[in-house]
Amino acid sequence: MINDIYDVIVVGAGHAGSEAAAAAANLGSKTLLITMNMQTIGQMSCNPAMGGIAKGQIVREIDAMGGYSGIVADKSAIQFKMLNLSKGPAMWSPRTQNDRMLFAEEWRYALENTPNLDFFQDMVKSLIIENHQVVGVITSLGIKIKAKSVVLTNGTFLNGLIHVGEKQLGGGRMGEPKAMGITEQLVSLGFESGRMKTGTPPRVDGRSLDYSKMEEQKGDEKPQKFSYTDTPKLTKQLSCHIVYTNETVHEVLREGFDRSPMFNGTIQSTGPRYCPSIEDKINRFAERNRHQLFVEPEGWRTVEIYVNGFSSSLPEDIQIKAMKHIPGFENVKVFRPGYAIEYDYFPPTQLYHTLETKLISNLYFAGQINGTTGYEEAAGQGLMAGINAHNKVHDKGEFILNRDEAYIGVLIDDLITKGTEEPYRMFTSRAEYRLLLRQDNADIRLTEKAHKLGLASDDRLKNVEEKILKSNELEDFLKATSLKPGVINPILNSIDSSPVDQAYRAAQILTRPNMTLEKLEEITFIKEKTGEFAEDVKEQAEINIKYRGYIEKEKDNVEKLNRLETIKIPTDFDFKVINSLSAEAKQKLDKVRPQSIAQAGRISGVSPADINVLLIYLGR
């Protein structure tokens, strides 16, 4: 192994590293995955869940691209919920609660059964760089391993520092050492680095809780799954519970503010805006007398509970004292307190859209090293870095997903173009074409691309083609089927919709508010026909009919924007010589080095007037 030259070395075996290694190896690259601990491959460092708002779409996209996250999530799921069903389909987001130990076990099993993939347990302390190109790594044992490309997915381990009250521990995760050397080397090579913060809640003994004082949250009656493959559907589920803090809890927490690293100046780095600690919440939202907490089981065969919403770096005695005033937590026993962790990251404007660094060729960054937060965001980046590392060393073209093609494309474009100064989390609101990027059509959007790459099998492509064919067939049936007033009016009355006085096509009726295909199936002959189709086909046809006008409008907008995507900016273009550009635009354009006019227009600080100037200079 040590004398081999690998096509791709992946450093770190979290969600980004695992997807990167799987993608590169499945594409045929000789791949090595190096991790500090083989027992924590695919570890869920924070909450035992996958998916959620916009994140669930990313998991579906990873699966459609031949990644493993959806498969692993399905095989380790203990509950499934489709979020936002009261809103439009662009907002529907799948989410699973997962068995933490089973999740990591399934990830390791999947990777160990991936051809072309080797493993090595050690810490990478530096990179081997020759002529501005990475050619290998050096481990803490002093072992040099050569490679044609390297993907760094270090998570929170780069100079990680854990905070519990006034106590500080070096580590990338509680009980695990920090990684040293890489940041310092990269900075010496000219990279810009920064510090970010994240945190995690306490874990408690479920046997010490009184669930009768909490609100039960069951999974969906008809649970779905993430993967488009034949992973098993849930037949039984574990419940979560909801509970609330109160003024007494807040008063106790405030007692520890003088010992809080967040408030005494010990922590100065930026934490996640949309996942604040409990002390940050009661400080920023002082007018609120309670905050919602989710009591989440960690697995089928453990009593450990994750207290979602109670992330904290307060002293452990304050955390325990405050929790005892939460309804149902009066006799709580704590397995481990919550903590905050600070770590190094590298502003992602230093990368190309392939996630290759601009300063060092064949070196790729993916995951929290780029300033993101969340398993799903990390996994999506890992998948793309693994694909592009493979393509680069095999002289194949770069693979980039556009903003209208995938949430993964939105994520990476946001990072590369806008950068981030706080942990970046994906939301549906970040995607301007979210109606096109739904969770239900990720396979239609991406499987053909994955098949061309070599990540999706012929059978998977055939399944997608069959789904499209069947969906079109069902749409045609609904467009052609006429419903007389006597047949449809009873159903319309049941949903408080105006009755009709003449025959209407079923597709026209379906576009009415509150009308669903399920309601139309109360008509016997329609039920007989729709019974021939799978549930995902029916969902696809219904969405296409109900939202056709909006979908077509978004496609028109995409087409207009893509005209600007085709106007490329030369890599050596000198923005500073254009006097008509604003000073801020010159600075931002020179730093980001956009590859197209469309990308330039998405840079914060670059105005429409600046874009017009660029178009003139480019002869447009």
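Thr198 stands opposite Ile341 in strand S21, and this pair is a good place to begin. The model is a predicted one, in which local features need pLDDT of at least 70, side-chain atom pairs count only at pLDDT 80 or more, and totals for chains, interfaces and linings use all residues. Residues are numbered from 1 along each chain as its sequence is written, and side-chain values use heavy atoms, with hydrogens and water left out.

Strand S14 covers residues 194-200, and S21 covers residues 339-345. Helices (H or I, at least four residues) and strands (E, at least two) are DSSP runs, numbered from the N terminus. S14 and S21 pair in the antiparallel sense over 7 bridges; two strands pair if DSSP finds at least two bridges between them. How many of the residues of S14 are buried? The count is 6 of 7, so S14 is largely enclosed by the rest of the structure. Here buried means under 20% relative accessible area, exposed over 50%, and partly exposed in between, with a 1.4 Å probe and protein chains only.

Now turn to strand S9, residues 133-139. Of its 7 residues 5 are buried, so S9 too is largely enclosed by the rest of the structure. S9 has strand S8 (residues 124-130) as an antiparallel partner, joined by 6 bridges, and within this pairing Ile128 stands opposite Gly136 in S9. The hairpin of S8 and S9 has 2 residues between the strands, and Asn131 there takes a positive phi near 55°. His132 is found in the loop between S8 and S9, and its phi is near 60°, a positive value in a residue other than glycine. His132 counts as exposed because its relative accessibility is 60%.

S9 also runs antiparallel to strand S10 (residues 144-147), with 3 bridges joining them. In S10, Ile145 is the bridge partner of Val137. The hairpin of S9 and S10 has 4 residues between the strands, and in it Gly142 takes a positive phi near 80°.

Another loop to look at lies between helix H14 (506-510) and H15, where Asn514 is found. Phi of Asn514 is near 70°, again a positive value in a residue other than glycine. With 60% relative accessibility, Asn514 counts as exposed.

H15 leads us on to the second largest pocket, which holds about 1400 Å³ of space. The elements that give two or more residues to its lining are helix H15 (517-520) and helix H17 (535-546). H17 gives the most, with 7 residues. On a 1 Å grid over the protein atoms alone, a pocket is an open set of points with protein on both sides within 12 Å along at least five of seven lines, and lining residues have an atom within 4 Å of a point. The pocket is lined by 35 residues, of which Lys222, Gln224, Glu535, Asp536 and Glu539 lie nearest its centre.

Finally, what about the cysteines? A disulfide is a pair of cysteine sulfur atoms within 2.5 Å, and by this rule the count comes to 0. Why does Cys46 form no bond with Cys275? The sulfur of Cys275 is the closest cysteine sulfur to that of Cys46, but it is 6.3 Å away, too far for a bond. Cys46 counts as partly exposed, at 21% relative accessibility. For Cys240, the closest cysteine sulfur is in Cys46, 15 Å away, which is too far for a bond. Cys240 counts as buried, at 6% relative accessibility.

Technical notes: 1 Å grid on protein atoms, 1.4 Å probe; cavity = no way out; pocket = protein on both sides within 12 Å on 5 of 7 lines; lining within 4 Å. Points joined across faces, edges and corners; volume = space filled by probe spheres on them.
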